[in-house]
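Colleague: I'm new to this one and would love a close look at a single spot. Could you walk me through it?

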Amino acid sequence: MRAVVFEEAGKLTQVDRPEPTPGPKDVVIETAAVGVCGTDTHVFDGEFEGTVYPLVPGHEATGVVVGVGSEATAFAPGDHVAVNPSTTCGACEFCANGKSNLCREWNGLGVVASDGASQERFVAPVSNVYRLRPETDLYEAALIEPLACAIRGYDLLPRRMGDHYLVYGAGTMGLLMAQLAPRAGAASVTIVDINAERLETASELGIQHVLTGADQAERDKWDVVVDCTGAIPAIEDALPRVKAGGTFQHFGVAPAEATADYSPFRVYRDEISIVGTMAVLNSFGRAVEMFEAGAINPGPMISHSFTLDDYPRALELFRKGEGRKLQIRPGDTASRVLL
Ligand SMILES: NC(=O)c1ccc[n+]([C@@H]2O[C@H](COP(=O)([O-])OP(=O)(O)OC[C@H]3O[C@@H](n4cnc5c(N)ncnc54)[C@H](O)[C@@H]3O)[C@@H](O)[C@H]2O)c1
Ligand SMILES: [Zn+2]
Ligand SMILES: [Zn+2]
């Protein structure tokens, strides 16, 4: 079976490898779609903490069950599923205290030390597998993993009725955060991006105010400001726009060594809350339910599909910031532009 392998940092190969076999508590899944995101480029570049090579990338996956271990009887061949890629040790201080996303042994399928979904079939622990309805579009459902991250982000926000929201970055994550804001009680939602193409997607999704910069907005302060860029210039522009008593969220992943300037006086004087959010915590099941209930509009968010052999092209396009969500679809015979 065909697989994409990151042999070491910066080195990608496509290989034929043996079919995976499940352990007793594992499920074997034929990959339908797996999203490409910034994490994949960090893993490829050797910038993700703890990656063990060689590694098959791919952590935003859906597929069809083709095999189950002796104790994985909750699933049967033919089931449509989405997979939570996070696995944790279950024993450390953080796991023991309900914060397993901060586990010191945190391992993501396709990210740290277990193979991911950029191959024809992959193995996942049964406790990470979520059943989808048969009628749910398996390609669009690959957005459930990023949606689970966005829901975790909201778990850490105040979610107060009537708040005004400002989101930086109209990539997949910013678009998800902006689409969820009305469900968290937002009175208004503004999204900004420096890439005009990305803003087009935001407009198609019906996000209320779509701007090239926050200076163009009708207001100058927001209750909740979320950075979904990880870019220092965006963060430095964003923080001063938080209203007194409001909240700033670092959703984007800035480079590990980067620092940003802000006014500690203002954080004190105006009681600004600055919160982080890391991956998925008890939010994957809710993401499945919200996705299947139509909480987001996935169609306009996915622009390209690639075969396994075209994986390098997908990475290249992602780095250029072209297109929208890019997906690998191992079952396809040709790569396609979808929008
Ligand atoms: N916290 C988490 O759990 C979590 C989960 C997934 C992704 N992320 C991070 O969220 C961020 C967004 O992910 P994505 O997949 O949407 O990435 P993306 O690269 O598709 O989108 C980022 C967007 O930010 C825009 N941008 C860059 N600089 C800007 C600026 N100065 N002002 C306004 N817009 C600017 C870019 O044009 C781009 O459209 C990344 O840093 C990613 O690593 C975090
Ligand atoms: Zn991702
Ligand atoms: Zn742990």
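Which residues does threonine 62 touch, not counting residues up to four places away in sequence?

Modeller: One caveat up front: this is a predicted model, where local features need pLDDT of at least 70, side-chain atom pairs count only at pLDDT 80 or more, and totals for chains, interfaces and linings use all residues. Residues are numbered from 1 along each chain as its sequence is written, chains are lettered from A and ligands numbered from 1 in the order written, and side-chain values use heavy atoms, leaving out hydrogens and water.

Now, threonine 62 sits in strand E4, residues 60-68 (strands, E, at least two residues, and helices, H or I, at least four, are DSSP runs numbered from the N terminus). With that exclusion, threonine 62 touches Glu30, Thr31, Ala32, Ala33, Val81, Ala82, Leu132, Leu138, Ala141 and Ala142 (contact is heavy atoms within 4.5 Å). Leucine 138 turns up again, since its backbone oxygen lies 2.6 Å from a polar atom of the threonine 62 side chain. Threonine 62 is buried, at 0% relative accessible area (buried is under 20%, exposed over 50%, partly exposed in between, with a 1.4 Å probe and protein chains only).

For some buried residues elsewhere, try helix H1, residues 38-45, where Asp40, Thr41, Val43 and Phe44 are buried. Those four are on the same side of H1, because they cover an arc of only 160° around the axis (taken from the directions from the helix axis to the C-beta atoms). Their cover includes strands E1 (2-8), E2 (11-16) and E3 (26-36), plus helix H9 (311-320). Right after H1 comes glycine 46, with a positive phi near 80°.

Notes
A polar contact is a pair of N or O atoms within 3.5 Å; within protein, one must be able to donate a hydrogen and the other to accept it, and residues adjacent in sequence count only if both atoms are side-chain atoms.
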